[in-house]
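Student: I'd like to go through this model and ask what stands behind the words we use for it. Can we start once it's on the screen?

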Amino acid sequence: MSDELGRTMVDAHPDPADPDERIVEAALRPKQLSELVGQERVREQLSLILDGAKRRGRVPDHVLLSGSPGLGKTTLAMIIAAELNAPLRISSGPAIQHAGDLAALLTQLSEGEVLFLDEIHRMSRPAEEMLYLAMEDFRVDVIVGKGPGATAIPLDLAPFTLVGATTRAGLLPGPLRDRFGFTGHLEFYSAAELERILVRSAGLLDVHLTVEGAAEIAGRSRGTPRIANRLLRRVRDFAEVKADGIVTKQVASAALAVYEVDAQGLDRLDRGVLEALVKRFGGGPVGLTTIAIAVGEEPETVEEVAEPFLFRAGLIARTPRGRIATAAGWRHLGLTPPVGSLGAVAGQQGPVAAASISLFDVDDPDVEQALSD
Ligand code: ADP
């Protein structure tokens, strides 16, 4: 893919379902809890749950993992199955549109099997209701027939462990959230943790990566291992073609400039969202849907892929009337923020703006609703 100037562009958010992407991701996934970098709290809590279950010879409680894309939810689900020495079955909310789809999946599970349901918040309502009973009593009621003559046939299920993943725990209905015995919230990774992940991945991919090179890539990876690993592969390509194959700080920096990843890690979509907000809508407030149309993306992609990082970096903020660009956001595009923009007071920078927006608990469904369009 190339732009109007003929520069090579990488798809900033390639579909992880892309077969090549999946193969490399699989090769780089840590296989045991001890191999996992960062997420100390979740790792420790999970390790206790798994050890306890193993000691008792019972299946562990159902586990809900929440966090932005690429932080390790699928990896953790695979590790849970591996640590339990149990088979793993993978499906996702959007694939389960009818209760029958879920019944078919659940009744095939063997004892102790781990069922990973990605994007669990996107499951259909009837399937969700069936899941309540399955999680609590290991039973499903299959409805046969229609109307007044319909009968529910109860079917026992083998005890299993559900690992649900969601990018937004606040979107899950309370009754579903309550049925998980443990909820682990995955945090963004520090630069030091990302450097460790990069060094590990470089070893597995046979890439010669210097310490400074790792630091340069880590600083632009938006706190996300998937992005770090992806940038490493792009930088490796550049190093092999344009340099002597060694990823130094200079090589990493030159490569990332070609791929349009800026010094703070913003890529094309992130910058598109920020530019739309600043240049087309005068800094906002603007609704999510309007921004999504302006950048030609689905509202969900903008909300789940671009916005979490822009909020965290303090470049944009949510208000009850929509998204606004902060002073730091204007400055990031090389523009002078208008008087009165968030964080525009002399000396205030991005983190201050970020602190101001934390007044809103964006994981609370009610606030979520009030803050959305
Ligand atoms: P999610 O399911 O949250 O979208 P994944 O589990 O698919 O994220 O992780 C994406 C990639 O990031 C995987 O290839 C994995 O190798 C890497 N990764 C994620 N978390 C970690 C971690 N804690 N340590 C090392 N690598 C990680």
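Student: How do you know that strand 1 (residues 63–66) and strand 7 pair?

Tutor: Keep in mind that this is a predicted model. Pairing takes at least two bridges between the strands, and strand 1 and strand 7 are joined by 4, so they count as a pair, running parallel. One bridge you can look up joins V63 to its partner F182 in strand 7.

Student: What makes strand 7 an edge strand?

Tutor: Look at the whole sheet: it is open, has 5 strands paired in parallel, and the order is 2-3-6-1-7. Strand 7 (182–185) pairs on one side only, and strand 2 (88–92) does likewise, which makes these the edge strands. From one strand to the next, the twist averages 20°.

Student: Why is the pairing of strand 4 (residues 139–144) and strand 5 called a pairing, and in which sense does it run?

Tutor: The cut-off is at least two bridges, and strand 4 and strand 5 have 6, so they qualify; the sense is antiparallel. D141, for instance, has P154 as its bridge partner in strand 5. The hairpin these two strands form has 6 residues between the strands, and G145 there takes a positive phi near 85°.

Student: What makes strand 5 "hardly covered"?

Tutor: To be buried, a residue needs 20 or more other C-beta atoms within 10 Å of its own. Among the 6 residues of strand 5 (residues 151–156), the count that gets there is 0. For the chain as a whole, buried residues make up 38% of the 373 residues.

Student: How do you know that the buried residues of helix 4 line one face?

Tutor: Helix 4 (residues 99–107) has A99, L102, A103 and L106 buried. Seen down the helix axis, the buried residues fall within an arc of 105°, so they line one face. The general background is that an α-helix has 3.6 residues a turn, so residues three or four places apart point the same way. Helix 5 (125–137) and strand 4 are among what covers the buried residues of helix 4.

Student: And the ligand: which residues come nearest, and what makes the shell around it a mix?

Tutor: Of the 19 residues around the ligand, the nearest are G72, K73, T74, T75 and P225. Helix 1 (19–28), helix 3 (73–84) and helix 9 (225–242) each give two or more residues to that shell. By type, the shell divides into 8 nonpolar, 7 polar and 4 charged residues. Gly counts as polar, so G72 goes with the polar ones.

Methods
Residues are numbered from 1 along each chain as its sequence is written. This is a predicted model: local features need pLDDT of at least 70, side-chain atom pairs count only at pLDDT 80 or more; totals for chains, interfaces and linings use all residues. A residue is buried if 20 or more other C-beta atoms lie within 10 Å of its own, exposed if 12 or fewer, and partly exposed in between; C-beta atoms are placed from the backbone. The arc is that of the directions from the helix axis to the C-beta atoms. Two residues are in contact if their C-beta atoms, placed from the backbone, lie within 7 Å. Axes are lines fitted to C-alpha atoms, for helices over the stretch in contact, and angles run from 0 to 180 degrees between N-to-C directions. A residue is near a molecule or strand if its C-beta atom, placed from the backbone, lies within 6 Å of it.
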